[in-house]
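Me: Please go through this model with me, setting each term against its criterion. I should like to know what justifies each label.

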Amino acid sequence: MASGALQGLRLVEMGQLIAGPFCGQLMADHGAEVIKIEAPGAGDPMREWGRNKPVWWPVVARNKKSITLNLRDQRGQDIVRRLVEKSDFLLENFRTGTMEKWNLGYEQLSAINPGLIMIRVTGFGQTGPYARRAGYGSIGEAMGGIRNLAGDPSTPPSRVGLSIGDSLAATFACLGALMALQNRHRTGQGQVVDSAIYEAVLAMMESTIPEYTEAGFTRERTGATLPKVAPSNVYSTSDGEILIAANQDSVWKRMAEAMGHPQLGSDPRFATHHARGEHQVELDNMISAWTKSWSSADLLAHLETHGVPAGKIYKAPDMLEDPHFKAREAIIKVQHPHFQNLWMQNVFPKLSETPGEVAWAGPTLGQHNEEIYGEILGMSVQQMNSLQDEGVI
């Protein structure tokens, strides 16, 4: 890559699916050289994922280099050690203990490279009684608390529609890796970044824990509403739905004016945050009756003129057509040898001086074997061919 704040750093990515690889994607997006290790002949199962077409891989593996390597073979493990010697990070999301079984634990690898930052993403972390349990994102979401709060109170706990537990654990892993990098600048010493899916979810659970310990209150599902915070809800229009968030006192006064009833802004039932919370159902019913007579487009324009936050509930087609998304290049088209209309979310966050980029979509299996094994590790063509014939690479 030609740009990016992490240019010059090298990360070896092991593992598969989402919880680890999304961390690798974030770092590759910002210029790190990410060398993804995949099993010969098979590769990461993400290569087959996607609704109707396998288009998830081009996103989660973008900007990465793919090499094939048999990690269960001692010669493959030796190659990992050689790569670690020349790398800044090693990222893995195997079940706890797997790397140690292969003699690739932090103790062994840091002896080779004391500055190595080892990023470990698992369901339950590296310590504790559940450490060696298999842990998928869904389990972490359930035990971390988000599943209990997702959905409508009339239904069982719901999935939020995305692999949010995996992505959160990967995001925190990336954050931790950059913290560890800053520490290495001062000390020269690497360390382990231990990111557990359930703890990543738990970290997002706001004040749910002290609400229970201090007040004996346990949050439950509330659907689209935010209890005691009003108005903040999804409201029907003549041709769809929009979300309106006018829950701040000053914004509510503007909302009342937009509705043609400015007196509601000072009405004792609605004038304060607490009062609106106590009369939330009454207020929502009043707003719903008003929004139904508007088209979504007209209502959004009307609320904008009054400074009231509101927006459509977008799906992919809405995002692709939105002028703001276009102006900020939030979604971009990426060239691909097989997919002719491959659009995906752009690099985020945006950095003013060292912006990242999507330089290429996910690579073919083993596409960079010759580059990595030949140029970085100095293997000859004969050595590579021999290792390939023997199923090592």
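Me: What makes the phi of Gly 260 worth noting, and which helix comes before this residue?
Reply: Gly 260 follows α11 and has a positive phi, near 85°. The name α11 reflects its place in the count from the N terminus, helices being DSSP runs of H or I of at least four residues and strands runs of E of at least two. This is a predicted model in which residues are numbered from 1 along each chain as its sequence is written, local features need pLDDT of at least 70, side-chain atom pairs count only at pLDDT 80 or more, and totals for chains, interfaces and linings use all residues. Side-chain values rest on heavy atoms, with hydrogens and water left out.

Me: Which residues of α11 are called buried, and why are they said to line one face?
Reply: In α11 (residues 249–258), the buried ones are Val 251, Trp 252, Met 255, Ala 256 and Ala 258. Viewed down the axis of α11, these residues fall within an arc of 155°, so they line one face of the helix; the arc is that of the directions from the helix axis to the C-beta atoms. Their cover includes β8 (241–245), α12 (273–278), α13 (280–291) and α14 (296–305).

Me: Why is Gln 77 called buried, whereas Asn 103 counts as partly exposed?
Reply: Buried means under 20% relative accessible area, exposed means over 50%, and partly exposed is in between (1.4 Å probe, protein chains only). Gln 77 has a relative accessible area of 7% and is therefore buried. Asn 103, at 41% relative accessibility, therefore counts as partly exposed. Gln 77 belongs to helix α3 (residues 74–85), while Asn 103 sits in the loop between α4 (98–101) and α5 (106–112). Asn 103 also has a positive phi of about 60° although it is not a glycine.

Me: What is in contact with Gln 77, leaving aside its neighbours within four places in sequence?
Reply: Leu 71, Arg 72, Trp 102 and Leu 104 are in contact with Gln 77, contact meaning heavy atoms within 4.5 Å. The side chain of Gln 77 reaches the backbone oxygen of Leu 71 at 2.9 Å.

Me: How do you know that α1 is mostly covered?
Reply: In α1, 9 of its 9 residues are buried; among them are Phe 22, Leu 26 and Asp 29. Just after α1, Gly 31 takes a positive phi of about 105°. In the loop between β1 (10–13) and α1 lies Leu 17, which has a positive phi of about 65° although it is not a glycine.

Me: What makes a peptide bond noteworthy at Pro 231 and at Pro 349?
Reply: The bond from Ala 230 to Pro 231 is cis, with omega near -10°, and a cis bond also joins Phe 348 and Pro 349, with omega about 5°. Pro 231 lies in the loop between α10 (208–215) and β7 (232–236), and Pro 349 in the loop between β11 and α17 (369–376).

Me: How many of the residues in the chain are buried, as a percentage?
Reply: Of the 393 residues in the chain, 46% are buried. The secondary structure comprises 18 helices and 11 strands, and the C-alpha trace spans about 85 × 50 × 40 Å along its principal axes.

Key. Polar contact = N/O pair within 3.5 Å; in protein donor to acceptor, adjacent residues only side chain to side chain.
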